[in-house]
Amino acid sequence: MSAFIPLLAALIASGVCAYQRAGLRTWTAVTAVAIVVFGLIAYAPVATVVTLILFGLIAVPLNLDSFRRTRISAPLLKMFAKVTPKLSDTEQTALEAGTVGFEGELFSGKPNWSELLKQPKPELSAEEQAFLDGPVEELCGMLDDWQVTHELADLPPEVWDFIKQNKFFGMIIPKRYGGLEFSALAHSAVLQKVASISSTAASTIAVPNSLGPAELLLHYGSEEQKDHFLPRLADGREIPCFALTGPTAGSDATSIPDFGIVCKQMHEGEEVLGIRLTFDKRYITLAPVATIVGLAFRMYDPEHLLGETEDLGITLALIPRETEGLEVGRRHLPLNVPFQNGPVRGKDVFVPLSTLIGGPDMAGHGWRMLVECLSVGRAISLPSNATGGVRAASAATGAYARIRKQFGLAIGRFEGVEEALARIGGYTYATAALSRATAAAVDRGEKPAVPSAIAKYHATEWGREVSRDAMDVHGGKGVQLGPSNYLGRAWQGVPIAITVEGANIMTRSLMIFGQGAIRCHPYVLKEMQALSIEDKKERLKTFDRALFGHIGFGFSNAVRAFTLGLTHAKIGKAPGDAYTRRYYRKLNRYSAALALCADVSMGVLGGRLKFKEKLSARLGDVLSYLYIASAMLKRYEDSGRPEADRPLLAWAFHACVWRMQMALDGVIRNFPVRPVAWLLRALVFPFGRREVPPSDRLGHRVAALLMCPSEARTRLLEWSFMTPTANNAIGRMNALLPDVIAAEPIERKFLKALKSGKITAHEYTEKLAQAEQQGAISEAERELLQRVHDATLEFINVDDFDPSELVAAKVRDGKSGKESGKGSKQAA
C-alpha cells in the first residue's frame, strides 16, 4: 500500500493546485515536494523515485518554453488553424462591438465576487428623481389605456404634446443639444413607470431613446448632423423611426435586400453625388408619425465614384419624410396594442451623400454601428418595459387575491392561487434585478452585448409567465375587455416583446452562448486572434501562452466542478452574510460546471457546435441564470441586506439554480459523444441532481408578501404608477389593501352573527345595519365593511357593451366588405 502513497500525493497536490488555479511552475514545485515528503513518510524510496521520474517526464518538457512551443504547440497550432471555423465579417464585427463585464467572471469557473460587489450602487440623481415624481407621474395620470387601445388606437393629442414638451424623446440626448442627458438607470425607471400603466406609451417613448437616429447620431454622426438634428429630436420637433426589418430579412439583418446605388443626379437645382435607394421595410415603430426615417441598406458603387470597392456593405442614412419617393404606408395593428407602427417603402429614391449618418466615411460601417447600438438599446428598452409590466401585475394580482373571496376566504389563501402568486413575486424580483443590472452596466460605460441578450430574452419570457399567472388568478375579470380591465391588453401584447429586436428563439439558441462562449471565455478569443498574427514567432508564442493557459483552465474547472459537486458547494471562500454565503458558493459550483461543459463542447464538437443549437441554448441558459442570480445578490446587497426581502430572493434564486442544473443535465443527456457525456456527468453530478425547485413553504411566504403592504412589497413595486387616480384601477386596489386587511377580523365577527340566525335581512347593507343594532359590530366597523364591500364590487365587476359599440367605425359608417377590414382606426 505504501508504494502508492507518492502517486496519491502527486494526484492530490495536482488537484489542489488545479482547484486554486496555480501556475505551471508552482504546480511543478508543489507536486514534486509532495511526492518526496509523503514518499519519505511512507518509507517508500523506490516508489518515490519512480513517481518522480514519471512526473518529471511530464513536467520538465512543459516547463521548457522553447521545447514546449516547437514540439507541442506548433503542431497543435496547425491543427487548430484547420479545424477552427472562419468567422464571417458580420460575426467578427458582432464579437468586437461589445464589451465584457461581470459575465466574463461567471464564465471563468472562479468568479471574483469582489468585482461585482465593488460596483457602485445604481441610484437616480435628484434631477432624475424629480422628473420621475413630476412629469412622469403627470403623464401616467393622463393615460387612459381603454381610450388609447380601443377608442383612439393612438395616444391622445394632448399626450403627444406633453411627451414632446417635456422631452421624453430626448432622455439620452446631452443637455448641450437640449436633451435631458439622463443616466441609463433613469431611462429605465421612466420606461418602467410608464409601462405599468400603458405599454403603448412606453413603447412610444422607448424607441427614440434606444435604437434610433439619436443614439446613432450621438456615436457616429458628424458635428453638423448633431447640431441640426439632436435639438429637434430632443424637443419633439422631429419624430424619428428606424427602418431595419423587411419582409425577407427579419432577424437576419445582414441579409437585407434593400440597396442603394452611388450615382450623380440633379438635387435642388444642381448635380450632386448621392445614392439611389430601393427598399421595403415593415414593422417600423413610429413610422406612421415619423418626420425623419433612419434607413439601413446595402450600398453599392458600380461606377467607382467613391473608390475601388463596389460592394461597400451595410450603410445607414437619415432621410426626411418629405423626400420625393419615400412612402410611409398605412399602420400595422400589433395585437391591439396600438403604438404607431407601419411599413416604409421607396423605389429609386435619390438622397445626397450628406444623408449618410456620419457622412461618406461611414459608408459600409452600418452593421458595426447597429450592433453597438443594439446592445445598449436592448439592455434598456425591452427589459424595462417588461419590468414595468410584471411590477404592475404583482401589485394587481396580490391585491386582487386578497380582495376577491370565494367560499368565505380570500382566493390568495388557496394553494393553487398561492402557487401562481409565488411565481409572480419571484419572477418580478428577478426581472427587476436583471433590468437594473444591465442599465447599471450601460452607465459604467459598457456595451453589454451578452447581458443585453440575456436581459431581453429572460425579461420578456418572464413577462409572459407573469402575465399568464395573473390572468389565471383573475379569471373572468381578466378576460372581459373594457375600461375596467387592467390586464387584457398586456396579455394580448406579450408576444410583441417576445418577437421584436430579435425573436426570442434566435436570441436564446444563437446569441447568448454563441457570443458568450467566445467573448467571455478567457482564452478562446485569444487563440483565434493568434491565427491572424503575421509574424510566425509571435504567432506561436501568443498561441502557446493561450493554449497552455486554456489547458490549465480546463483542468482547474474539472477539479473545481467535481470537488464542489462532491461537497454540494458547502466549501470555498465566498462573500455575503450568513444567509447569502451559501448562494455565492452554489454559483461558484455552477460557474465551474459551465466553464467545463462549454470547453468540452467546443473542444469535442468544434465548428459543429454552431449547428447544435439546442446544446448551445442550454449552455446559454446556465450563463443567463448565473448572471441573473448574481444580479439579484447585488440588488440584495445594495438594498442593505433587508431581511424582509429574503423570501423573494430565496424563491428566485432557487428557481435559477434548479434551472441551471436541468440545463446542464440536458447538455449531458444529449451530448452526441457518449463516453464524453459519461465523464461529464461524473464530474458535474457525482451524486446526481440534488437541486430542487422552490418549496411550497417558501412559495407561501412570497404569496403572503404580495398580499400585504410591507417594505419588501414597496421595494418590489418601485418605479410603478401606484397613485389611486380615476385612470389607475391597480393604484386604487393597492390603496384599498390596508382597509381590506383591517376588515378581515370584523368580517369574521359579522359572519358569526349571520350564522347565528338572528340577522334576517337580505341586502348586504341591511345585514350590516342589523349586525350593528345587535351589537355584533360597531358603527366604525360597519362603515369599514361597507366601504370595503362597495370598493370590492368595483374591482370584481366587468364591463358590458351594447352590440353597436363593438362594431368597427367603418362598418358603422355604412361601409362593409373587404374595405371595412382594412385601415380601420378603431378595432373592436
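This is a short dialogue about reading a helix, cavities and salt bridges in a predicted model.

Trainee: Let's start with a helix. What span should helix α15 have, and what does the model show?

Mentor: Helix α15 covers residues 366–403, which makes 38 residues. At 1.5 Å a residue the expected span is 56 Å, and the end C-alpha atoms lie 54 Å apart, which agrees.

Trainee: Where is the kink in α15 centred?

Mentor: Look at Gly-377, where α15 has a kink of about 35 degrees.

Trainee: How many residues of α15 are buried?

Mentor: 36 of the 38 are buried, so α15 is largely enclosed by the rest of the structure.

Trainee: Now the empty spaces, please. How many cavities of 30 Å³ or more are there?

Mentor: Here is the general idea first. Rolling a probe the size of a water molecule over the atoms shows where empty space is left. In this model, the count is three cavities of 30 Å³ or more. The largest cavity has a volume of about 190 Å³. It is lined by 18 residues, and the closest to its centre are Leu-116, Gln-119, Ala-437, Ala-631 and Lys-634. Helix α24 gives the largest share of that lining, six residues.

Trainee: Which classes of residue make up the lining of the largest cavity?

Mentor: That lining has nine nonpolar, two polar and seven charged residues. Now turn to the second largest cavity, with about 40 Å³ of space. Its lining divides into eight nonpolar, no polar and one charged. Among the lining residues are Tyr-427, Trp-462 and Arg-659, and α25 supplies the largest share, five residues.

Trainee: My last topic is salt bridges. How many does a search of the whole structure find?

Mentor: Side chains of opposite charge can pair when their charged atoms come close. The search finds 38 salt bridges here. In one of them, Asp-469 meets Arg-423 at 2.8 Å, N to O. Asp-469 is in helix α17 and Arg-423 in helix α16, so the pair ties together parts that are 46 residues apart in sequence.

Trainee: Is Asp-469 buried or exposed?

Mentor: Asp-469 is buried, with a relative accessible area of 2%. Its partner Arg-423 is partly exposed, at 22%.

Trainee: Where do Asp-638 and Lys-634 lie?

Mentor: Both are in helix α24, four residues apart, about one turn of the helix. Their side chains meet in a salt bridge of 2.7 Å, N to O, and both residues are buried. You have met Lys-634 already, as one of the residues closest to the centre of the largest cavity.

Terms used. Residues numbered from 1 in each chain as written. Predicted model: local features only at pLDDT ≥ 70, side-chain atom pairs only at ≥ 80, totals over all residues. Heavy atoms only, no water. Helix = DSSP H or I, 4+ residues; strand = E, 2+ residues; numbered from the N terminus. Expected span 1.5 Å × (residues − 1). Bend = angle between axes of the 7 residues up to and from the residue. Buried < 20%, exposed > 50% of the residue type's maximum accessible area, 1.4 Å probe, protein only. 1 Å grid on protein atoms, 1.4 Å probe; cavity = no way out; pocket = protein on both sides within 12 Å on 5 of 7 lines; lining within 4 Å. Points joined across faces, edges and corners; volume = space filled by probe spheres on them. Nonpolar A, V, L, I, M, F, W, Y, C, P; charged D, E, K, R; others polar. Salt bridge = Lys/Arg side-chain N within 4 Å of Asp/Glu carboxyl O.
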